[in-house]
Amino acid sequence: MTEETPALKTYSGNCHCGAFKFNIQIPELKSIVECNCNTCFKKGYKWIFTDARNFNIVRGEGILKAYDFGAGSMIHKVSLTMDL
């Protein structure tokens, strides 16, 4: 018996200011991560982690390295190697 490969959906996202935009192609989302920092909580931003092979940069390649805010205690670093 062979396993069926799940259909891929395309999801789009961006950084807070919109300078960096991307698409990912993954099976339909079943779970997400909710960050509890003030910015993400107030804006309703959600997080998922995927493999870099599924990640396509639309705009801003090379500009996004890390994002920190407030007193610099909540640093969000970019990682394109995590699995979903």
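**Close-up views of a predicted model**

**Figure 1. K46 and its salt bridge with E34.** K46 counts as partly exposed, because its relative accessible area of 45% lies between the limits of 20% and 50% that separate buried from exposed residues. In this predicted model, the side chain of K46 takes part in a salt bridge with E34, and the closest N and O atoms of the pair are 2.7 Å apart. E34 belongs to the loop between β2 and α1, while K46 belongs to the loop between α1 and β3, so the salt bridge ties together parts of the chain that are 12 residues apart in sequence. E34 counts as exposed, because its relative accessibility of 55% is over the limit of 50%.

**Figure 2. C35 and its distance to K46.** C35 is placed in the loop between β2 and α1, and with a relative accessible area of 17% this cysteine is buried. Although C35 and K46 are 11 residues apart along the chain, their C-alpha atoms are separated by 6.9 Å.

**Figure 3. D51 and R53, a salt bridge between a buried and an exposed residue.** D51 sits in the loop that runs between α1 (38–43) and β3 (55–59). The side chains of D51 and R53 meet in a salt bridge, with a distance of 2.8 Å from N to O, and a polar contact of 2.8 Å is likewise found between these two side chains. D51 has a relative accessibility of 16% and therefore counts as buried, since the limit for a buried residue is under 20%. R53, by contrast, has a relative accessible area of 72% and is exposed. A search of the whole structure finds two salt bridges; the pair of D51 and R53 is one of them, and the pair of E34 and K46 is another.

**Figure 4. T50 and its polar contact with N54.** T50 is found in the loop between α1 and β3, the loop that also holds D51. Its relative accessibility of 11% is under 20%, so T50 counts as buried. The side chain of T50 is joined to the side chain of N54 by a polar contact of 3.3 Å.

**Figure 5. The open sheet of β1, β2 and β3.** Three strands form an open sheet in the order β1-β2-β3, and their pairing is antiparallel. β1 (8–14) and β3 stand at the edges with a single partner strand each, so one side of each of these strands is left without a neighbour in the sheet. From one strand to the next, the twist averages 25°. In general, strands of a sheet pair through backbone hydrogen bonds, and the pairing may be either parallel or antiparallel. Here β1 and β2 run antiparallel and are joined by seven bridges. As a detail of this sheet, G13 stands opposite F22, which lies in β2.

**Figure 6. The setting of the close-ups in the whole protein.** The protein contains one helix and five strands, and these elements follow the pattern β-β-α-β-β-β when read along the sequence. Of its 84 residues, 17% count as buried; T50, D51 and C35 are among the buried residues. Among the contacts in the protein with a separation of 6 or more positions, 48% come from residues that are 24 or more positions apart. The accessible surface comes to about 6800 Å², and carbon and sulfur atoms account for 52% of this area.

Methods. Residues are numbered from 1 along each chain as its sequence is written. This is a predicted model: local features need pLDDT of at least 70, side-chain atom pairs count only at pLDDT 80 or more; totals for chains, interfaces and linings use all residues. Side-chain values use heavy atoms; hydrogens and water are left out. Helices (H or I, at least four residues) and strands (E, at least two) are DSSP runs, numbered from the N terminus. A polar contact is a pair of N or O atoms within 3.5 Å; within protein, one must be able to donate a hydrogen and the other to accept it, and residues adjacent in sequence count only if both atoms are side-chain atoms. Buried means under 20% relative accessible area, exposed over 50%, partly exposed in between (1.4 Å probe, protein chains only). Contact means heavy atoms within 4.5 Å. Accessible areas come from the Shrake-Rupley method with a 1.4 Å probe; for residues, only the protein chains shown count as cover. A salt bridge is a side-chain nitrogen of Lys or Arg within 4 Å of a carboxyl oxygen of Asp or Glu. Two strands pair if DSSP finds at least two bridges between them. Axes are lines fitted to C-alpha atoms, for helices over the stretch in contact, and angles run from 0 to 180 degrees between N-to-C directions.
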